[in-house]
Structure formats: C-alpha cells, structure tokens
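Biologist: I would like to go through this model with you, starting with its enclosed spaces and then moving to the sheet and the cysteines. Please give the reasoning before each result.

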Amino acid sequence: MARRLSSIAPGWWDYTTLDEELIRDAAALTARQLERLGRPGFRVVLYDTLQEFYLAEALEYIDAWRQSTEDNPVGLCGPIGPTEQLPLVAQLVNGLGLDVRSAHFWGMDEWVQAGREVPVTHPLSFERADRELCFGRIQTELVMPDTQLHFPKADTKAFRKSWDSGVRCAVMQGGQGDVKHWAFNDPPRRTGKHRDRPPEPAEYRRLATRVVDLHPLTVAQNARTSGGGNIALVPTQAVSVGPVETWKAEKVSIWHAGNHDNAFGQRLTCLMIAKRIADTAVPMSLLADHPNVQFNYYRYGIGTCRVEMH
C-alpha cells in the first residue's frame with residue numbers, strides 16, 4: 001500500500017507519512033507512560049528541574065573525559081542544541097581542576113554554504129558556539145589542545161579519520177529537531193528509487209559524515225530557535241555526523257528540554273525506539289537498533305498533545 005505524501009513538504013519523507021494508528025498512539029502517551037517505555041538497551045530518565053537536567057548533561061562530559069588517559073584517550077561527541085550545558089562543563093572542569101588534556105571532543109555538525117563549512121565568524125557557527133560557551137572558558141593548563149577538537153568540515157576526510165584514530169567515544173549527545181533528527185540526519189528527499197518508499201534502515205545506517213540537504217522543517221526550526229525567526233539567515237545545507245560514527249559511540253544520549261521538538265515529537269520517537277519500530281522517515285527511530293540509548297526529559301517540557309486553540 002502506497003504511503004501518503006508529507007503534509008509539510010511533499011517532496012520529502014517525514015513523520016507525517018507514518019501510519020495513522022502509530023501517530024495516534026504516540027499522541028496519547030502521558031509523561032508517566034513515557035517513563036515506563038524503557039527496555040534493555042533503552043533508558044528513559046525524567047528530571048524535575050532544568051538545573052538538574054542541564055547539570056546531568058554537563059556531567060556526561062565530565063564522566064567521559066575522566067576516563068581519558070594519554071595511553072587510552074576518550075572523547076565525547078556533542079551538540080549545539082541544546083547549548084545550556086556548555087558553560088556548566090567549563091565551570092565543572094575549572095572547579096574540579098580536572099586535567100582534560102588527553103581528552104577529545106567531536107562536534108556533531110556545521111552549516112554549509114556554497115560548498116564550504118561556514119567560518120567561525122558566521123553568527124550561527126556551531127564551532128564558534130562550542131568555543132565561546134565551553135572550550136574558551138576552560139583554564140589553559142587544563143584544556144585539551146586544539147588538535148583534539150574535531151569539528152566537521154565539508155571535506156569530511158579528516159573528521160571521519162579521527163573516529164578511527166584509536167580514540168574511544170564514550171558518549172554521543174544530541175537534541176531532537178522538529179523533523180525527528182539527531183545531528184542533521186534528516187529524512188531524505190522523495191526522489192529516484194525512494195520516491196514511493198523511504199530507504200530501508202540498513203541503507204540509511206551506512207551513511208557516514210556527509211554534506212546533507214536540510215528538510216524545510218529543519219530550516220524553519222533553526223530560524224525559530226537560533227535566528228530570531230529569520231529563515232533567510234539559515235543555510236539549507238550542513239555537514240553532519242552520520243549513523244556510521246553514531247554506532248561507534250558506546251552510548252547515545254538524547255536531551256529533550258522542550259525547547260526544540262514539540263510535545264508530539266518527544267513522544268513519537270520514544271515510542272518507536274521502545275517498540276523497535278525503525279523507519280527512515282523518522283531518523284531518530286533508527287536508534288532502536290543501537291545497543292545503548294538514553295532519552296533524557298525535562299518533565300515539565302514534555303507538554304501535552306491536547307488540542308487547544310490559542
């Protein structure tokens with residue numbers, strides 16, 4: 001049976017092409033039911049305050065970097081969105097006097113314009129945000145050298161090689177966008193051999209760090225969350241860490257504060273991962289096959305899917 005066209009962007013795959021029963025089941029979930037969707041390999045954690053939420057996210061950096069030694073370096077792959085954890089990471093490193101010089105960090109993604117990653121002078125640069133909010137705040141005698149900060153470029157060779165350089169990735173953090181992506185692993189266009197059905201999960205899983213076209217919903221969301229609503233400011237391409245690198249991370253930790261994806265989206269991906277429903281129209285659902293995934297929620301950011309007129 002043919003799948004429906006997207007109600008957002010008919011030339012793309014996305015969650016609006018899913019079965020109606022699955023969509024209804026997700027919308028009906030309560031916060032309490034979400035918390036109970038955990039299973040072996042998939043943990044769901046709720047926090048009662050934003051202070052607890054962002055501190056727990058920052059502590060994942062600390063826990064990963066504490067494992068690192070010169071002989072056995074350890075790193076973490078982190079997002080821009082959320083960003084509130086980043087100054088806390090620097091404060092914890094400085095306050096604890098934690099020597100992280102052997103540790104590594106991978107950025108998840110970066111905007112691309114005219115075939116090149118945007119420079120750090122771009123107002124939306126992710127590398128700029130990481131440096132200004134975190135690494136530039138860590139005391140110089142504690143921080144890792146610049147060669148151990150791996151930011152993706154449009155020419156992906158060096159970044160991809162860094163994942164096979166003997167550095168263990170203890171955790172990959174992420175947020176979740178309106179289109180249900182992690183990093184910029186967006187749903188694909190509805191074209192060519194994927195015109196009538198989205199790619200199979202196994203095919204999508206073979207994607208490594210690459211330059212991607214962004215789903216229109218992703219462009220609109222980033223204008224809302226980061227660009228003051230100015231859609232024209234937001235590039236339509238990005239370079240993104242891929243599933244190949246994601247499966248090299250020992251743990252994938254997704255952080256839902258309620259500021260990025262909405263009440264429905266926060267429910268949908270949790271349900272799909274819990275029930276092992278992998279569908280590339282909802283890229284986050286592919287994490288159903290990762291052996292160690294944790295969803296972290298701010299309890300009062302989960303919201304409700306009730307119909308309310310405003």
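Biologist: Which helix gives the most residues to the lining of the second largest cavity?

Modeller: This is a predicted model. The second largest cavity is lined by G78, I80, G107, M108, D109, F126, E127, D130, F151 and P152. One helix, spanning residues 126-133, supplies 3 residues, the most of any element. That is helix 5.

Biologist: How many residues in the lining of the second largest cavity are charged?

Modeller: The cavity has a volume of about 40 Å³. Its lining has 5 nonpolar and 2 polar residues. D109, E127 and D130 are among the lining residues, and Asp and Glu count as charged. The number of charged residues is 3.

Biologist: What is the volume of the largest cavity?

Modeller: The search covers the whole structure and finds 2 cavities of 30 Å³ or more. The lining of the largest cavity includes W255, H256, A257, G258, N259, H260 and D261, along with G175, Q176 and Q266. By class, this lining divides into 2 nonpolar, 7 polar and 1 charged. The volume of the largest cavity is about 50 Å³.

Biologist: Which strands stand at the edges of the open sheet?

Modeller: The sheet has 7 strands with parallel pairing, in the order 1-11-10-7-2-3-6. Each edge strand has a single partner strand, so one of its sides is left without a neighbour in the sheet. The edge strands are strand 1 (42-47) and strand 6 (149-150).

Biologist: Which residue of strand 11 is the bridge partner of V44?

Modeller: Strand 1 pairs with strand 11 (residues 293-298) in the parallel sense. The pairing runs over 6 bridges. In strand 11, the partner of V44 is F295.

Biologist: How many disulfides does the model have?

Modeller: A disulfide needs two cysteine sulfur atoms within 2.5 Å. For C77, the nearest cysteine sulfur is that of C169, 5.9 Å away, and C77 is in no disulfide. For C134, the closest cysteine sulfur is in C77 at 13 Å, which is too far for a bond. The count of disulfides is 0.

Biologist: Is C134 buried or exposed?

Modeller: A residue counts as buried when its relative accessible area is under 20%. The value for C134 is 0%. C77 also counts as buried, because its relative accessibility is 0%. C134 is therefore buried.

Terms used: Residues are numbered from 1 along each chain as its sequence is written. This is a predicted model: local features need pLDDT of at least 70, side-chain atom pairs count only at pLDDT 80 or more; totals for chains, interfaces and linings use all residues. Side-chain values use heavy atoms; hydrogens and water are left out. Buried means under 20% relative accessible area, exposed over 50%, partly exposed in between (1.4 Å probe, protein chains only). On a 1 Å grid over the protein atoms alone, a cavity is a set of points where a 1.4 Å probe fits but cannot get out, and a pocket is an open set with protein on both sides within 12 Å along at least five of seven lines; lining residues have an atom within 4 Å of a point. Grid points are joined across faces, edges and corners, and a volume is the space filled by probe spheres set on the points. Helices (H or I, at least four residues) and strands (E, at least two) are DSSP runs, numbered from the N terminus. Two strands pair if DSSP finds at least two bridges between them.
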